[in-house]
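Dear colleague,

I am passing the structure below on to you, together with some notes on what turned up when it was gone through. Please read the notes with the structure open beside them.

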Amino acid sequence: MKYGIIGAGAMGYRYGVMLQENAGVQVDFIDTWQPNVEKVREQGGVSVARDHENRHIVPINIYYPEEYMGHPDVWIVFKKQMQLTDELQRDAKAGIFHDDQYVFSAMNGMGHFEKIAKYFSPDKMICGTAMIATRMDAPANVDFMGVAGTEVMHMAPYNRETPDETMQAIFEDFKKAVLGPVWAKDWQGMCMSKVVFNAVCNTLCTMFQIQMGQFIAYDGVRDMARQLFDEAFDACERAGIYLIESRKEEVESVIEVSKAYKYHYPSMYQDFSKGRPTEVDYINGYIAKLGREHDYVCRTHEFVVHEVHLAETMRQFKK
Ligand SMILES: NC(=O)C1=CN([C@@H]2O[C@H](COP(=O)(O)OP(=O)(O)OC[C@H]3O[C@@H](n4cnc5c(N)ncnc54)[C@H](OP(=O)(O)O)[C@@H]3O)[C@@H](O)[C@H]2O)C=CC1
Ligand SMILES: CC(C)(CO)C(=O)C(=O)O
């Protein structure tokens, strides 16, 4: 099968390079970030390291949407939530989407599948989550965090039916790519399990500008995580969404994943530290909104959203 990656950023490169190198499939990358596309062309590919080591150039095919003539079987979408609407509009205008194509995305936060569904048949959409850490330090320069072979990701059909033949073939390609795919029953519960995780790790690490390993050095982390998880689970249960992990398992996974990715700055920090807006409204903000819609106030999440926006605003007063 042939893949097209929309968004040659940290995660787009991670999926595309691993599919190309480990599964041996053809991959094309589409990106609108000019310094990134031009750097790939100048250096002959993307510069990839694993945990700061073995940095090397991986040759790739990269295109702006308007110059792309290919027809992949599957699109993999990895943009930041704030960029997605404009990206999909530009891609559609460039005429790169076709009715026969499948689409997969494992972006963090919520709200992206509804946007993607405007351009693709719901029967050809696969929702995903990725407990896979990747840093993008500069245009065309990425660092795959974590020991090779420990990647884990979940996927579930958007239409809630049994995965069809093409979806199974995508699953097999992800397996060959060593991305660690696991099927989940319900995409909403699967995605919310990751949202609540990010609502703890991404948000708190970003506010304090720390790596995940530094975060768990504080012995109050379990209590803080439990408070945020309790509110999030209560909101989800009122909305009829059942997560794929229990409250206790989520707390343990904060500790375990942070140990495994001890040098990782969550993706939210990567935006924060470069002066860009963060995805907090799609993570803690989404949980808070879900709560309000079901007569439940997630006070801590609402406060945390303010704290992140306060920190974003305060960047102008700091060096
Ligand atoms: N990174 C990770 O470990 C994980 C990320 N995710 C999720 O995947 C989705 C895609 O995220 P991710 O791949 O991390 O994001 P990206 O790496 O795609 O973000 C890159 C974007 O940031 C902007 N940018 C500008 N300057 C720089 C710079 N110097 N260095 C890096 N980026 C710059 C560019 O957009 P512009 O020019 O418009 O500013 C560029 O398109 C998100 O929903 C994220 O939450 C999920 C799991 C793990
Ligand atoms: C890698 C991980 C799981 C860390 O929270 C992530 O989702 C991110 O960095 O956005």
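Where does ligand 1 lie with respect to domain 1 (3-185) and domain 2 (189-317)? Please keep in mind throughout that this is a predicted model. Both domains contribute residues to the shell around ligand 1, so ligand 1 lies between them. That shell is made up of 24 residues, of which Gly9, Ala10, Met11, Met107 and Asn108 are the closest. Helix H1 (10-23), helix H3 (81-93) and strand S9 (134-138) are the elements that each supply two or more residues to it. Sorted by class, the surroundings of ligand 1 consist of ten nonpolar, nine polar and five charged residues.

Ligand 2 can be described in the same terms. Residues of domain 1 (3-185) and of domain 2 (189-317) are both found in its shell, so ligand 2 also lies between the two domains. The residues around ligand 2 are Asn108, Met131, Ala133, Asn198, Cys201, Asn202, Tyr261, His264, Pro266 and Ser267, and Asn108 is also listed among the closest residues to ligand 1. Helix H6 (residues 187-208) provides the largest share of the shell around ligand 2, namely three residues. By class, this shell holds five nonpolar and five polar residues but no charged residues, whereas the shell around ligand 1 includes five charged ones.

As for the annotations, an unreviewed UniProt entry assigns residues 4-151 to the feature "domain: Ketopantoate reductase N-terminal". In the model this span is 28% helix and 30% strand, with its end C-alpha atoms 21 Å apart. The feature "domain: Ketopantoate reductase C-terminal", again from an unreviewed entry in UniProt, is placed at residues 186-310. Over those residues the chain is 69% helix and 0% strand, and the C-alpha atoms at the two ends are 35 Å apart.

One helix pair may be worth a look as well. The axes of helix H11 (residues 284-293) and helix H12 (residues 299-314) come within 8 Å of each other and cross at roughly 140 degrees, and the crossing of H11 and H12 is left-handed. On the H11 side the contact is made by Asn284, Gly285, Ile287 and Ala288, while H12 contributes His301, Glu302, Val304 and Val305. Taken by class, the contact between H11 and H12 comprises four nonpolar, three polar and one charged residues.

With kind regards

Definitions and conventions. Residues numbered from 1 in each chain as written. Chains lettered and ligands numbered in written order. Predicted model: local features only at pLDDT ≥ 70, side-chain atom pairs only at ≥ 80, totals over all residues. UniProt positions renumbered as here; feature names shortened; annotations may be inferred. Helix = DSSP H or I, 4+ residues; strand = E, 2+ residues; numbered from the N terminus. Axes fitted to C-alpha atoms, helices over the stretch in contact; angles between N-to-C directions. Left-handed = near helix turned anticlockwise from the far one by under 90°. Contact = placed C-beta atoms within 7 Å. Nonpolar A, V, L, I, M, F, W, Y, C, P; charged D, E, K, R; others polar. Near = placed C-beta within 6 Å. Domains from an automatic or database assignment.
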